[in-house]
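Trainee: I should like to go through the side-chain pairings of this structure. May we begin with a salt bridge and then turn to the aromatic rings?

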Amino acid sequence: MDIQALLAKAEGDCAPVFARLEKTELRNTKRVLDAFHEEDVAARHFAPTTGYGYDDIGRDTLERIFARLFGTEAAIVRPSIACGTAALSLCLFGLLLPGDHLLSATGAPYDTMETVIGVSGNAAGSLKEMGVEYSQVDMCENQTKIDVPAVLAAIRENTKVVLIQRSRGYAWRASVLPRDMAEVIRAVHEKRPDIFVMVDNCYGEFLCEDEPTHFGADICVGSLIKNAGGGLAPTGAYLAGTERAVERVAARLTAPGLGREVGSYAASYQPFYQGLFMAPHTVCQALKTAVLAARAFELLGMKTTPAFDAPRSDIIQAIEMCTPERLIAFCQGIQAASPVDASAVPEPWDMPGYADQVIMAAGTFVSGASIELSADAPMRAPYTVYMQGGLTYAHGKIALEKALEKIAQLRG
Ligand SMILES: *Cc1c(COP(=O)(O)O)cnc(C)c1O
């Protein structure tokens, strides 16, 4: 296998897809700039604050910018929210009360949400422990569409939140485009205007020119060390939604009565602003990396999802490696090309809470940031690797070359 020739052929095939992605980057950069201009962003917004953080203009302005981008009345954008799971948990505990019912419209939720909800077992502090009921409706048409009639049929008298997960997560299902959420959102609200439609938007920001809230979702939730932080935000998460939803969440964020009015940050807000400014570009770089990987492995006859030229609503690329050796070689190649921790050699290990061994490759500036290039997989047939991120396409391409070299060496 001539790796250079393979990548050159793949890159040529990807040209029309890249052109489409760059058009989205341009439009989204324009949207971000418009929001910055409307809020008249200036150096004073980057200044740190301490203590209660009353009248923190850096925080308040950033929250208004997110609200503008998501087309919502309000937003919460905080470095103090530890991660995406913490923001999703905060949102659920804000919206749900004991005796309420939570309904997932996209099948099983992301792994870490199982403990929050209390799907299996009964983790201390879970929604289940608090007396919240849970059920889920699987996606239909081979896991590509939300089953709207089934979702409507699953609504109970006490249903308070319908949860949509935009990303495929680490399941072999399709991601959901914001416009494809419109039908279920409208149908749920027609039947029951009081229900909150909440979207786990992790990995989805800036993939399209609109977000789920533009199609009527009550609230969108995501991590700042993924897409929306542009690779620069060092920590944190956001929620953007209606005043009615955000107000409830804000009472849990700090305290009822205090809400969004308090919360300081003793470092600079500058990386959050600059990260948001970079985000449409960074997402485009990550997507070009994913598309190139998909095409290169498709040319080698391997199964990928999504296909290189398919529409995308998240940054995850799944590739069936077919053998454990190939999967390990791929991950070791990605690791060896990382800017940080390149000398680490990833091996499968027994990660707590997982049935199979897991292998992970990542060498990131921001610890654990999956907008930076990373790959991971459970060690089970068909040995599917999930890769995502990449701050620059050049790095993505070099890393793929390395991964392909490691795979080629298996045969030598
Ligand atoms: C990453 C992710 C989460 C959890 O976010 P963490 O920051 O890892 O806690 C939840 N849902 C989806 C779809 C994700 O991609």
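Mentor: Let us begin with Glu247, which is partly exposed at 42% relative accessibility; buried means under 20% relative accessible area, exposed over 50%, and partly exposed in between (1.4 Å probe, protein chains only). The model is predicted, so local features need pLDDT of at least 70 and side-chain atom pairs count only at pLDDT 80 or more, while totals for chains, interfaces and linings use all residues. Residues are numbered from 1 along each chain as its sequence is written, and side-chain values use heavy atoms, with hydrogens and water left out.

Trainee: With which residue does Glu247 form a salt bridge?

Mentor: A salt bridge is a side-chain nitrogen of Lys or Arg within 4 Å of a carboxyl oxygen of Asp or Glu. For Glu247, the closest N and O atoms of the pair are 2.5 Å apart. The partner of Glu247 is Arg260.

Trainee: Is Arg260 buried or exposed?

Mentor: The relative accessible area of Arg260 is 18%. Because the limit for the lowest class is under 20%, Arg260 is buried.

Trainee: How many residues apart in sequence are Lys397 and Glu11?

Mentor: Lys397 and Glu11 form a salt bridge, with their closest N and O atoms 3.0 Å apart. Lys397 lies in helix 10 (residues 393–411) and Glu11 in helix 1 (residues 3–38); helices (H or I, at least four residues) and strands (E, at least two) are DSSP runs, numbered from the N terminus. The pair links distant parts of the chain, the separation being 386 residues.

Trainee: Which class of ring pair do Phe66 and Phe70 form?

Mentor: Rings of Phe, Tyr and Trp (its six-membered ring) pair if their centres lie within 6.5 Å; planes under 30 degrees apart count as stacked, over 60 as edge-to-face and the rest as tilted. By this rule there are 11 aromatic pairs. In the pair of Phe66 and Phe70, the centres are 6.3 Å apart and the planes are at 10 degrees, so the pair is stacked.

Trainee: In which strand is the Tyr238 that pairs with Phe70?

Mentor: Phe70, in helix 2, is buried, and so is Tyr238. Their ring centres are 5.1 Å apart with planes at 35 degrees, so the pair is tilted. The two residues are 168 residues apart, and Tyr238 lies in strand 7 (residues 237–241).
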